[in-house]
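Let's take a friendly walk through a protein model, one piece at a time. Keep the picture beside you as you read.

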Amino acid sequence: MRALWLENNRIDLRDIAQPRKANEALIKIRKAGICSTDLELVKGYYPYTGILGHEFVGEVVEADDASWIGQRVVGEINVVCNQCEQCLNGRPTHCENQTVLGIVNRDGTFAEYTTLPLANLHRVADSVPDEMAVFTEPLAAALEIQQQIQIKPTDRILLIGAGRLGQLIAQTLALTGCDLRVVARHAHQQSLLKARGIRVIAEEEINPWRWDVVVEATGSPSGFSLARQAIRPRGTLVLKSTYKGEMNIDFSSIVVDEINIIGSRCGPFQPALHLMELLQIDPTVLIADEFKLDDVLKAFERAAETGVLKVLVGP
């Protein structure tokens, strides 16, 4: 089969053997999405060699349980052991022996086929098109914020960053009725938010020490600094992005202001699918372009352009 292979910070399209793994379903990829993690892996963010990609919708073509064959599915990216300390105590996304689709010791989805355990798969309703379903993983990650903290309608919430993930975070937070403002750098990002009635705020308009919850989704030192200035004493700072390298942080002020800091990663797939089925969330507005797998290298070039949100890759 054809697949996008990453090795030594270089990507190329290769012909490799179709995957086969015991106790795992074989899935034919219908669509896959390029995210910021994929782009950072190419730059060397994490030492990974193999097939990139973890956002996908596909069709099960082989499985031990025949009822899954022919089903359209999405898949949770963490494959866990169910035996380690973290798994046994309800923290499977922190499994000590996990592999992660297209990220850690497991080939991903920029290919004709991939494999996952049936336990990782979720059926997709007929009313949810592939163009929506492919967003399930990042939408679930956006929803994880509401799994971790209670959002009240009276909360003043500041979201810093309106890129690929930030747009989905904004849509999910807006459903809570909270007093939400979003810092969006690019005009296209701002127009997408305003089209959904989500209010945009300029950095210079942000009152310091006033916001109950600040979600930092840029992964940049400047974004973190702005978030730190904005959060009120005893407020909650949600870090919804990874940071490259080390950062200088004044932890004394965080202690004095009694700031709650929460890291946030993977989230619940079923609620994400349900919101798309009800049309309460529309991630398709993020799609900037789509390429065939044969043109996946061009797809990555397009996704790396400034201001481009989601680029999809099809068979």
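## Helix α9 and its buried side

This is a predicted model. We begin with helix α9, which spans residues 269–277. Which of its residues are buried? They are Phe 269, Ala 272, Leu 273, Leu 275 and Met 276. These residues lie on the same side of α9, because they cover an arc of only 160 degrees around the axis. A general rule helps here: an α-helix has 3.6 residues a turn, so residues three or four places apart point the same way.

What do the buried residues of α9 pack against? Their partners are the strands β6 (72–75) and β10 (121–123), together with the helices α3 (130–133) and α4 (136–148). After α9 comes Leu 279, with a positive phi near 60 degrees.

## Two helices that cross

Helix α4, one of the partners of α9, also packs with helix α5 (residues 164–174). Two packed helices are described by the angle between their axes and the distance between the axes. For α4 and α5, the angle is about 50 degrees and the axes are 9 Å apart. Angles from 35 to 65 degrees count as oblique, and α4 and α5 are therefore oblique to each other.

The crossing of α4 past α5 is right-handed. On the α4 side, the contact is made by Pro 138, Leu 139, Ala 141, Ala 142, Leu 143, Ile 145 and Gln 146. On the α5 side, Leu 165, Leu 168, Ile 169, Thr 172 and Leu 173 take part.

## A parallel sheet

Now look for an open sheet of six strands, in the order β13-β12-β11-β14-β15-β16, with parallel pairing. Which strands sit at the edges? They are β13 (199–200) and β16 (260–263), and each pairs on one side only.

Within this sheet, β11 (residues 156–160) and β12 (residues 179–183) are joined in the parallel sense by five bridges. To see one pair, find Leu 158 and its bridge partner in β12, Arg 181.

## Strand β3 and its partners

Strand β3 covers residues 25–34, and eight of its 10 residues are buried. It runs antiparallel to β5 (residues 55–62), with seven bridges between them. Four bridges pair β3 with β9 (residues 113–116), also in the antiparallel sense.

Lys 28 is a handy place to see both pairings: it stands opposite Glu 59 in β5 and opposite Tyr 113 in β9. Strand β3 also runs antiparallel to β18 (residues 310–314), joined by three bridges. There, Ala 32 has Val 313 as its bridge partner.

Technical notes
Residues numbered from 1 in each chain as written. Predicted model: local features only at pLDDT ≥ 70, side-chain atom pairs only at ≥ 80, totals over all residues. Heavy atoms only, no water. Buried < 20%, exposed > 50% of the residue type's maximum accessible area, 1.4 Å probe, protein only. Arc of directions from axis to C-beta. Contact = heavy atoms within 4.5 Å. Pairing = 2+ DSSP bridges. Axes fitted to C-alpha atoms, helices over the stretch in contact; angles between N-to-C directions. Parallel < 35°, antiparallel > 145°, perpendicular 65-115°, else oblique. Left-handed = near helix turned anticlockwise from the far one by under 90°.
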